[in-house]
Amino acid sequence: MRTQVAVIGAGPAGLLLSYLLHQAGVEAVVLEARDREYVRQRVRAGVCEQPTVDLLTEIGLGGRLAAEGLPHEGFSLRFDGADHRIALTELTGKAITVYGQQEIVKDLVDAHEAADLPLHFEVSEVSLSSVDTSRPVVQYRDSSGAWQTLECDAVAGCDGFHGVSRPSIPDGALTTFEREYPFAWLGVLARTPPSHEELIYTHHPRGFALHSMRSPDVTRLYLQVDPGEDLAAWSDDRIWTELSTRLAVDGEFTLQEGPILDKGITPMRSFVTEPMRHGRLFLAGDAAHIVPPTGAKGMNLAVADVVVLSRALVALLQGDSSLAESYSDTCLRRVWRAEHFSWFMTTMLHVDPGADAFARKLQLSQLRYTASSRAAATSLAENYVGLPFA
């Protein structure tokens, strides 16, 4: 088989890249290891930055987002037993929209199928070769188990941190930067209306907590726990009790409880690999970088990557390699800004078990300054709603 761009991975990065290329008249084939329903249903991020919403609307995929997404013009910071609102729209003129990553994936899968674009699920044993030439080759087994060979002009590695794309780059060609955090998130999805009209980020002596939502009837909640925590030790009753304790404030607030549909523990880490390109292999999204979820940047960074990459690939296939050559540097400027913001939110809000009393006093000082200073709140809001795409 022959195509112009082979896209490895059918998450939001790979599917959006394929669709942007389609709109620019470039052929692409998407290969995904999971089955179609798993891809459509897996619950991931839920906060869309303003630039992400604007892009999806611009390319004709904003219909369901506009109808079902939940626009938020601010969020709450809770500490010292009080609620402090960060007025995103008042401070920046922009907002965020709560719309699950799986919903964006559904919209993109449906758009691919409506346009009859090549999208292959349940592929296995994917291998990349000749990526440092102008004719890369992708080999894989299709869903029937038959071997396939796909020749192309470029490969987009959008297959996440554990995918095959990044390991296909030779040893010594990449430099990695990473940080492990001494805590994790216990996340739950509950069938209950949200207890607050906006997101709540809480710093509590017992640990961080986050109140979010996925729809008017489904709430997403998180608790800071130890990375080695046993999920089996957390009964539903214990989870609701701990959430109620950490989210409590002086005054009226009642946490709405309901059936817990799903729960899991996610470690917290930061990771960046440089460069994000080797020859004709381009990395995007989690294949190139991971951020702790506190800043709500992961999916939005993937979108920003593929906006730059789509333009670079279109120009490359037309004989202009300048955007392809600058792709990594262009993306990494935004990546490192998002890494810093995610680190800032994470270290400001979580309880570090190894921190001394001095460090904890500094942490509270930062929270109080952020909540009381319009300049500090504006800086936070500007980063949170999303910086412009490159």
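E122 lies in the loop between strand 8 (119–120) and strand 9 (124–129). The model is a predicted one. In it, phi of E122 is near 55 degrees, a positive value in a residue other than glycine. E122 is partly exposed, with a relative accessible area of 45%.

D80 is another loop residue to look at. It sits between strand 5 and strand 6 and has a positive phi of about 55 degrees although it is not a glycine. D80 counts as partly exposed, at 44% relative accessibility. G60, just after helix 3, takes a positive phi of about 90 degrees. In helix 3 itself (residues 50–58), the buried residues are P51, T52, V53, L55 and L56.

The backbone angles can be set side by side.

| Residue | Place | Phi |
|---|---|---|
| G60 | just after helix 3 | about 90 degrees |
| D80 | loop between strand 5 and strand 6 | about 55 degrees |
| E122 | loop between strand 8 and strand 9 | near 55 degrees |

Next comes helix 10. Its 16 residues (357–372) should span 22 Å at 1.5 Å a residue, and the end C-alpha atoms are 23 Å apart, which agrees. Which residues of helix 10 are buried? They are Q363, L364, L367 and T370. Seen down the axis of helix 10, these buried residues fall within an arc of 125 degrees, so they line one face of the helix. An α-helix has 3.6 residues a turn, so residues three or four places apart point the same way. On the other side of helix 10, A357, F358, K361 and S372 are exposed.

The cover over the buried residues of helix 10 includes strand 5 (75–79), strand 6 (82–86), helix 9 (322–349) and helix 11 (374–385). The axes of helix 9 and helix 10 come within 9 Å and cross at roughly 115 degrees. Helix 9 contributes F344, T347, M348 and L349 to this contact, and helix 10 contributes Q363, Q366, L367 and T370. By class, the contact of helix 9 with helix 10 has four nonpolar, four polar and no charged residues.

The last region is strand 17 (residues 260–274), which holds S270. Is S270 buried or exposed? With a relative accessible area of 8%, S270 is buried, because buried means under 20%. The side chain of S270 makes a polar contact with the side chain of Y181, at 2.9 Å. Leaving aside neighbours within four places in sequence, S270 is also in contact with other residues, including F177, I290 and E339. In the loop between strand 17 and strand 18 (277–278) is P275. A cis peptide bond joins E274 and P275, with omega about -10 degrees.

Terms used
Residues are numbered from 1 along each chain as its sequence is written. This is a predicted model: local features need pLDDT of at least 70, side-chain atom pairs count only at pLDDT 80 or more; totals for chains, interfaces and linings use all residues. Side-chain values use heavy atoms; hydrogens and water are left out. Helices (H or I, at least four residues) and strands (E, at least two) are DSSP runs, numbered from the N terminus. The expected span of a helix is 1.5 Å times one less than its number of residues. Buried means under 20% relative accessible area, exposed over 50%, partly exposed in between (1.4 Å probe, protein chains only). The arc is that of the directions from the helix axis to the C-beta atoms. Contact means heavy atoms within 4.5 Å. Axes are lines fitted to C-alpha atoms, for helices over the stretch in contact, and angles run from 0 to 180 degrees between N-to-C directions. Ala, Val, Leu, Ile, Met, Phe, Trp, Tyr, Cys and Pro count as nonpolar, Asp, Glu, Lys and Arg as charged, and the others, Gly among them, as polar. A polar contact is a pair of N or O atoms within 3.5 Å; within protein, one must be able to donate a hydrogen and the other to accept it, and residues adjacent in sequence count only if both atoms are side-chain atoms.
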